[in-house]
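Here's a quick tour to read with the model open beside you. Take it one topic at a time and find each residue as you go.

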Amino acid sequence: MNSARETFVDRALYVVATPIGNLADVTVRAIAGFHAADIILAEDTRVTGSLLSAYGISKKLVSLREHNEREMAANVIRWIEEGKIVLQVSDAGTPGISDPGARLAQAVWAVGLRVVPVVGASAVIGALSACGLDTGRFLFNGFLPPKSAARCKTLQQWAQADYAVVCYEAPHRILDCVADVVATLGANRPVVLARELTKTFETFLRLPAGELLARIQADSNQQRGECVLVIDAAPQEEAAGELPAPAIALLTELVAALPTKQAAGIVAAHYDLNKKQLYDMALQLKQAQ
């Protein structure tokens, strides 16, 4: 794999995404990086060793976990400066995304070296792509607080959010987490539970929060495996009253030049008006053009 080594020659730390379940999701570029690497930094060397073994690769693995990430940075920088090709992986997904990696990347950048992403499987994007909700705008929150009081306080922030929210959750907390969603955001809030993505028992449950809670309570299998929770945007409030003439005039002008949703958003922000009401009018104006 000499050609692979030539691809990974920069004085850089390569941050490599690995499969989140299905080993076939590893990318060709990641495989090339594994062949080229002198050192692979692994969250759990046993997990990464199994992945490499599946592709017939044997490499030096060095443990880099949350507790030793800061201390290991000096060694990693030295290896890179010596010309070694260094890759970092987590057990699944991408380092630095709810996994160790951010501190190491910061240290590498701080000494003038590069951090290069080798992108791949993502539980966040996988869940969003298949959830069937409007995900043009979304917030990734990572893991919610483990304690109910703190979790409810976090969830309450999204009571009126006009965007979807994506969270990771541990299987032993998913039942309590959804119960807190019901308590804070209401039983009718649409929620998607994406569980065991890319694995044999992959499951998507798309239900109002109250119905999802009942489903999880009735089926203990839904409390197993890796969980991604997608909380839909809050329902738009019904518009009240007529729109002011200046707002209608501006909307008419913008609809002729911009996408409907963007035009409505601009006017809503400018005049502090209901976005849904403006969007409905924008559709009418668009159809009349």
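In this predicted model, five strands line up as an open sheet, in the order β6-β7-β10-β8-β9. The pairing in that sheet is mixed. Below, we go from the sheet to a group of aromatic rings and then to two pockets.

**The sheet**

- Start at the borders: β6 and β9 (203–208) are the edge strands, and each of them pairs on one side only.
- Leaving direction aside, neighbouring strands of this sheet are turned by 15° against each other on average.
- Something handy to know while you look: in a regular strand, side chains alternate between the two faces of the sheet.

**Strand β8 and its partners**

- On one side, β8 (residues 190–195) pairs with β10 (residues 227–231) in the antiparallel sense, over five bridges.
- You can spot two of the matches with β10: Val191 stands opposite Ile231, and Ala194 stands opposite Val228.
- β8 also pairs with β9, again in the antiparallel sense, and here there are six bridges.
- For an example in β9, look for Thr203, the bridge partner of Arg195.
- Why is β8 called largely enclosed by the rest of the structure? Five of its six residues are buried, so the strand is largely enclosed.

**The aromatic cluster**

- A pair of aromatic rings is described by two things: the distance of the centres and the angle of the planes.
- The structure has three aromatic pairs.
- One of them is Phe140 with Tyr168, an edge-to-face pair with 5.1 Å from centre to centre and 70° between the planes.
- That pair links distant parts of the chain, with Phe140 in strand β6 (residues 138–143), Tyr168 in strand β7 (residues 164–169) and their positions 28 residues apart.
- How exposed are these two? Phe140 is partly exposed, with a relative accessible area of 28%, while Tyr168 is buried at 13%.
- Tyr168 also pairs with Phe143: the ring centres are 5.5 Å apart and the planes sit at 65°, so this pair is edge-to-face.
- Phe143 is in β6 and Tyr168 in β7, so the pair ties together parts that are 25 residues apart in sequence.
- Phe143 has a relative accessibility of 41%, so Phe143 counts as partly exposed.
- Put together, Phe140, Phe143 and Tyr168 make one aromatic cluster.

**The largest pocket**

- Inside the largest pocket there is about 590 Å³ of space.
- Its lining has 29 residues, and the closest to the pocket centre are Ile20, Ala92, Ala123, Tyr168 and Glu226.
- Yes, that's Tyr168 from the aromatic cluster again.
- Which elements supply at least two lining residues each? They are α6 (123–130), β6, β7, β8 and β10.
- The largest share, three residues, comes from α6.
- By type, the lining divides into 16 nonpolar, five polar and eight charged residues.

**The second largest pocket**

- The second largest pocket has a volume of about 430 Å³.
- There are 17 residues in its lining, and those nearest the centre are Asp134, Asp162, Gln236, Lys261 and Lys275.
- Two helices, α11 (260–271) and α12 (275–288), each supply at least two of the lining residues.
- What types of residues line this pocket? The lining divides into seven nonpolar, three polar and seven charged residues.

Methods. Residues are numbered from 1 along each chain as its sequence is written. This is a predicted model: local features need pLDDT of at least 70, side-chain atom pairs count only at pLDDT 80 or more; totals for chains, interfaces and linings use all residues. Side-chain values use heavy atoms; hydrogens and water are left out. Rings of Phe, Tyr and Trp (its six-membered ring) pair if their centres lie within 6.5 Å; planes under 30 degrees apart count as stacked, over 60 as edge-to-face and the rest as tilted. Helices (H or I, at least four residues) and strands (E, at least two) are DSSP runs, numbered from the N terminus. Buried means under 20% relative accessible area, exposed over 50%, partly exposed in between (1.4 Å probe, protein chains only). Two strands pair if DSSP finds at least two bridges between them. Axes are lines fitted to C-alpha atoms, for helices over the stretch in contact, and angles run from 0 to 180 degrees between N-to-C directions. On a 1 Å grid over the protein atoms alone, a cavity is a set of points where a 1.4 Å probe fits but cannot get out, and a pocket is an open set with protein on both sides within 12 Å along at least five of seven lines; lining residues have an atom within 4 Å of a point. Grid points are joined across faces, edges and corners, and a volume is the space filled by probe spheres set on the points. Ala, Val, Leu, Ile, Met, Phe, Trp, Tyr, Cys and Pro count as nonpolar, Asp, Glu, Lys and Arg as charged, and the others, Gly among them, as polar.
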